[in-house]
Amino acid sequence: LITMINSTAYYNDFWNEMRGMEVISDSLSNVRESKTNACPLPEESEKKYMAALKKESVVRQLATVVNATKSDSRLWTFDYTGQAEWSDIVNLEGLDTEEDFQRFDIQAHRLSEFIKLGLEFAADQSFAIEDYLIGKMARCFGTSEELAFVNGTGENQPIGILHDTEGAETGVTTENASSISYDEIIKLYLSVDKKYRKHGTWLMNDETALVLRTLKDSAGNYLWKDINETIFSKPVQIVDSMPSIGKGQKVIAFGDFSNYWLVQRFPMTIRTLRELFAVRGQVGYLGCEYLDGKLIRKDAVKVLQMAAD
């Protein structure tokens, strides 16, 4: 498959088909999905798409992205801290254990998006159809992906960072259901182990950020440093899909989000739908992704949860 979608012939045939042209070529038929009749993006286009997708999703920028297109549904992962020692002799005792390995079931959840384009634009050779479709798909998929990466249930979608049992641990529960104190942010920060705190990032939505921007310590110093958008020297990232302040809501997450794994199971595919919309002078595009997501180390991220009452 990789060899096929790398070729110039495949690239040209793929984008000719996207323009609504009839393409009869082995380069497409050999890789077309049997169920959806869709074709994977050419490798060059896939790179552009992934770069555009990353810009649309904060979680993608922070997470570890794993390509597992050739593996089965079960992956092994591990967390081994290791330690460097000054010694003339290398001691290998105890290094052959498997106690640090964990087994995770990785699925190929399908995420689909649909967009339409006027036939006159699609057929116009001067119209940058590749840039248009990649940009549109990246924006659509980026929003849907991030919602699942944060709040996903694990049912036909990834397991989100805020999942009740498989997501981040609760570091702090507020005393008040409608407000957050300076001390509670300190407690959340220190609830994360220092090895994860070192590369920590804060996640919250705009409404929560507005509240934190007003918090001051006893000397009148603001918690939030506007000069570099940090709290305790750790960067703050705004994620729209994080919940707003409310009873029982997990409104702030802090920790090392590289321990959230995004597992990509297959390149993004697109199917053209010409006949269905031709009467309207349009062509449709059905894009599909196959991926999963899991927080591999639940203690690497802690959340601040609002009181229930």
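Colleague: Is Glu-229 buried, partly exposed or exposed, and where in the chain is its place?

Modeller: In this predicted model, Glu-229 has a relative accessibility of 32%, and because buried means under 20% and exposed means over 50%, Glu-229 counts as partly exposed. Its place is in the loop between strand 8, residues 224-225, and strand 9, residues 230-231.

Colleague: How should I read the backbone angle phi, and what is the phi of Glu-229?

Modeller: The general idea is that most residues other than glycine have a negative phi. In Glu-229, phi is near 55 degrees, which is a positive value in a residue that is not glycine. Ser-233 is another case, with a positive phi of about 70 degrees although it is not a glycine. Ser-233 lies in the loop between strand 9 and strand 10, the latter being residues 234-238, and with a relative accessible area of 61% Ser-233 is exposed. A glycine can be set beside these two, for Gly-20, which follows helix 2, has a positive phi near 95 degrees.

Colleague: Which residues of helix 2 are buried?

Modeller: In helix 2 the buried residues are Tyr-10, Asp-13, Phe-14, Trp-15, Glu-17 and Met-18. When you look at such a list, it helps to remember that an α-helix has 3.6 residues a turn, so residues three or four places apart point the same way.

Colleague: How is the packing of two helices described, and at what angle do the axes of helix 2 and helix 7 cross?

Modeller: Two packed helices are described by the angle between their axes and the distance between the axes. For helix 2, residues 8-18, and helix 7, the axes come within 10 Å and cross at roughly 75 degrees. Because angles from 65 to 115 degrees count as roughly perpendicular, helix 2 is roughly perpendicular to helix 7. Tyr-11, Trp-15 and Met-18 of helix 2 make this contact with Ile-129, Glu-130 and Leu-133 of helix 7. Sorted by character, the residues of the contact of helix 2 with helix 7 are five nonpolar, no polar and one charged.

Colleague: How do helix 4 and helix 7 cross, and what is the hand of the crossing?

Modeller: The axes of helix 4, residues 43-56, and helix 7, residues 129-151, come within 8 Å and cross at roughly 45 degrees, and helix 4 and helix 7 are therefore oblique to each other. The crossing in which helix 4 passes helix 7 is right-handed. On the side of helix 4, the residues that meet helix 7 are Ser-45, Lys-48, Tyr-49, Ala-52, Leu-53 and Glu-56, while helix 7 brings Glu-130, Ile-134, Met-137, Ala-138, Arg-139, Phe-141, Gly-142 and Glu-145. The residues of this contact of helix 4 with helix 7 divide into seven nonpolar, two polar and five charged.

Colleague: Staying with helix 7, is Tyr-132 buried, partly exposed or exposed, and which residues does Tyr-132 touch?

Modeller: Tyr-132 is found in helix 7, and at 27% relative accessibility Tyr-132 counts as partly exposed. Not counting residues up to four places away in sequence, Tyr-132 touches Lys-116, Leu-117 and Phe-127. The C-alpha atoms of Tyr-132 and Ala-122 are separated by 9.9 Å, with the two residues 10 apart along the chain.

Colleague: Is Arg-60 buried or exposed, and which side chain is joined to that of Arg-60 by a polar contact?

Modeller: Arg-60 lies in helix 5, residues 58-62, and at 6% relative accessibility Arg-60 counts as buried. A polar contact of 2.8 Å joins the side chain of Arg-60 to that of Gln-264. If neighbours within four places in sequence are left aside, the residues in contact with Arg-60 include Met-50, Leu-53, Glu-145, Phe-149 and Leu-291.

Colleague: Where is Leu-162 found, and how many residues separate Leu-162 from Val-301 in sequence?

Modeller: Leu-162 is found in the loop between helix 7 and strand 6, residues 169-173, and with a relative accessible area of 9% Leu-162 is buried. Leu-162 and Val-301 are 139 residues apart in sequence, yet 9.7 Å apart in space from C-alpha to C-alpha. Beyond four places in sequence, the contacts of Leu-162 include Val-150, Asn-151, Met-242 and Val-303.

Colleague: What do the totals for the chain come to?

Modeller: The secondary structure of the chain comes to 10 helices and 14 strands, and buried residues make up 45% of the 309 residues. Among contacts between residues at least 6 apart in sequence, 77% join residues at least 24 apart.

Conventions
Residues numbered from 1 in each chain as written. Predicted model: local features only at pLDDT ≥ 70, side-chain atom pairs only at ≥ 80, totals over all residues. Heavy atoms only, no water. Helix = DSSP H or I, 4+ residues; strand = E, 2+ residues; numbered from the N terminus. Buried < 20%, exposed > 50% of the residue type's maximum accessible area, 1.4 Å probe, protein only. Polar contact = N/O pair within 3.5 Å; in protein donor to acceptor, adjacent residues only side chain to side chain. Contact = heavy atoms within 4.5 Å. Axes fitted to C-alpha atoms, helices over the stretch in contact; angles between N-to-C directions. Parallel < 35°, antiparallel > 145°, perpendicular 65-115°, else oblique. Left-handed = near helix turned anticlockwise from the far one by under 90°. Nonpolar A, V, L, I, M, F, W, Y, C, P; charged D, E, K, R; others polar.
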